[in-house]
Amino acid sequence: MAPPRLALALAALVAMSFYNATVASADDDPSVPPGTEATASAPVELDPNDPDLKLPDGATLAEPKVLDIKQVVEDQSGDERREDTNSDVKFALQAEVLFGKDSAKLGAQAKARISTIAEEIKTQNATKIRVFGFTDNLGSSAHGDVLSRRRANAVHGVLEQELNASDIVYEVRGYGEQYPIADNSTEAGRKKNRRVEISFPRGES
C-alpha cells in the first residue's frame with residue numbers, strides 16, 4: 001500500500017491529467033472561421049460519362065441570349081413612372097397630372113410633361129409609338145372605354161405636334177378599366193390605374 005503522501009501526489013497527477021484532457025481553450029484570433037479549415041481529403045470526383053451530365057443524342061444547346069431586364073423609376077409623388085427594358089421605354093402618367101376629373105382636356109403642365117417625353121422619343125429615334133389610356137373601375141365600363149380613348153387621343157395630339165415627323169406610326173387605344181396595375185378597391189390603387197402610357201422601342205433607327 002502506497003504511503004499517504006505518495007497517494008495524494010498520484011491523485012493530484014491524475015486530476016491534472018483529466019482536467020487538461022477535457023478543457024479546451026479557444027483561439028483568440030482564428031485565421032479562418034470555424035468549420036472552414038482545409039482538410040486533406042480529395043474533392044468529390046465527377047464521372048465524365050455520367051448520362052445526367054450529357055445532352056441526349058441529337059440535342060443541341062439553345063443560342064445564348066441576354067435576358068430582358070426591367071428598370072422602373074417612379075417619382076416621389078407617384079404621378080409619373082418610367083420603365084426601361086432592353087428593347088422598350090414606357091412612361092406612365094397618372095390622369096390627375098394630365099386632366100381634370102372626368103375630362104380629356106390637357107392643362108399646360110401636362111403638355112410640358114408630354115413634351116419631355118417627346119424629347120426622349122427623339123433621342124431614341126423611335127418611329128413606332130403606342131399611346132394607351134386606362135381608367136379605374138368606377139362608373140360604367142362603356143364610359144371608361146370612351147374616356148380612356150379620348151385621353152389617349154389628347155396625348156397623341158400633343159406628341160404628334162411636338163415630333164412633327166411623317167415617318168412615325170402611332171397606335172392609340174383606350175382600354176378603360178382593363179389591365180389595372182393596382183388594387184381598384186382603394187383610392188390609392190384607383191389613382192394608379194387612371195393613367196396614360198406612352199411606349200416606344202429603344203434605339204430604333
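So, helix H4 first, and what sits around its buried side: those residues pack against helices H2 (95-98) and H3 (108-124), and against strands S4 (128-134), S5 (169-174) and S6 (195-201). Keep in mind that this is a predicted model.

The buried list for H4 is Gly144, Leu147, Ser148, Arg151, Ala152, Ala154, Val155, His156, Val158, Leu159 and Leu163. You'll spot Arg151 and His156 in there, along with the nonpolar ones. The helix itself covers residues 141-163, which makes 23 residues. From its first C-alpha to its last it reaches 33 Å, close to the 33 Å expected at 1.5 Å a residue. Right behind H4 comes asparagine 164, and its phi is positive, near 45°.

Now H3, which reads in a similar way on screen. What should its 17 residues span? At 1.5 Å a residue you'd expect 24 Å, and the end C-alpha atoms are 25 Å apart, which agrees. Buried here are Ala110, Ile114, Ser115, Ile117, Ala118, Glu120, Ile121 and Gln124. The cover over those buried residues includes S2, S3, H2, S4, H4 and S6. And just after H3 there's an asparagine with a positive phi, asparagine 125, at about 55°.

Let me zoom out for a second. The chain has five helices and six strands. Reading from the N terminus, the order is α-β-β-β-α-α-β-α-β-α-β. There are 205 residues, and 31% of them count as buried. On contact order: take contacts between residues at least 6 apart in sequence, and 67% of those join residues at least 24 apart.

Okay, the core. In soluble globular proteins, nonpolar side chains tend to be buried together. Here the largest nonpolar core has 27 residues, and the ones touching the most other members are Leu98, Leu106, Ile121, Ile129, Val155, Leu159 and Phe200. Who supplies it? Strand S3 (88-94), H2, H3, S4, H4, S5 and S6 each put in at least two residues. H4 gives the most, with six.

If you want one residue to click on, try leucine 98. Skipping anything up to four places away in sequence, leucine 98 touches Leu93, Lys105, Leu106, Gly107, Ala110, Ile114, Val155 and Val196. Two of the names from earlier turn up there: Ala110 and Ile114 are on the buried list of H3, while Val155 is on the one for H4.

Next, the aromatics. How many aromatic pairs does a search of the whole structure find? Four. Start with phenylalanine 132 and tyrosine 175: the ring centres are 5.2 Å apart and the planes are at 80°, so that's edge-to-face. Phenylalanine 132 is in strand S4, whereas tyrosine 175 is in the loop between S5 and helix H5 (187-193), so the pair ties together parts 43 residues apart in sequence. Buried or exposed? Phenylalanine 132 is buried, at 12% relative accessible area, and tyrosine 175 also counts as buried, at 14%. Then tyrosine 175 pairs with tyrosine 179 too: centres 5.3 Å apart, planes at 85°, so edge-to-face. Put the ring pairs together and you get a cluster of Phe132, Phe134, Tyr175 and Tyr179. There's a charge on that cluster as well, with arginine 195 lying over the face of phenylalanine 134, 3.8 Å from the ring centre.

Last stop is strand S2 (residues 80-84), home of glutamate 83 and of arginine 81. Glutamate 83 is buried, with a relative accessible area of 13%, and arginine 81 is buried at 13%. What joins their side chains? A polar contact of 3.1 Å.

As for what surrounds the two, leave aside neighbours within four places in sequence. Arginine 81 is then in contact with Val72, Val73, Glu74, Lys90, Phe91, Ala92, Ile181 and Glu197. Glutamate 83, counted that way, touches Lys70, Gln71, Val72, Asp88, Val89 and Lys90. So Val72 and Lys90 appear on both lists. One more distance for you: arginine 81 and alanine 92 are 11 residues apart along the chain, and their C-alpha atoms are separated by 5.1 Å.

That's my tour; happy to rotate the view if anyone wants another look.

Technical notes. Residues numbered from 1 in each chain as written. Predicted model: local features only at pLDDT ≥ 70, side-chain atom pairs only at ≥ 80, totals over all residues. Heavy atoms only, no water. Helix = DSSP H or I, 4+ residues; strand = E, 2+ residues; numbered from the N terminus. Expected span 1.5 Å × (residues − 1). Buried < 20%, exposed > 50% of the residue type's maximum accessible area, 1.4 Å probe, protein only. Contact = heavy atoms within 4.5 Å. Phe/Tyr/Trp six-rings, centres within 6.5 Å; stacked < 30°, edge-to-face > 60°. Lys NZ or Arg CZ within 6 Å of the ring centre and 35° of its normal. Polar contact = N/O pair within 3.5 Å; in protein donor to acceptor, adjacent residues only side chain to side chain. Core = buried A, V, L, I, M, F, W, Y, C linked by side-chain atoms within 4.5 Å.
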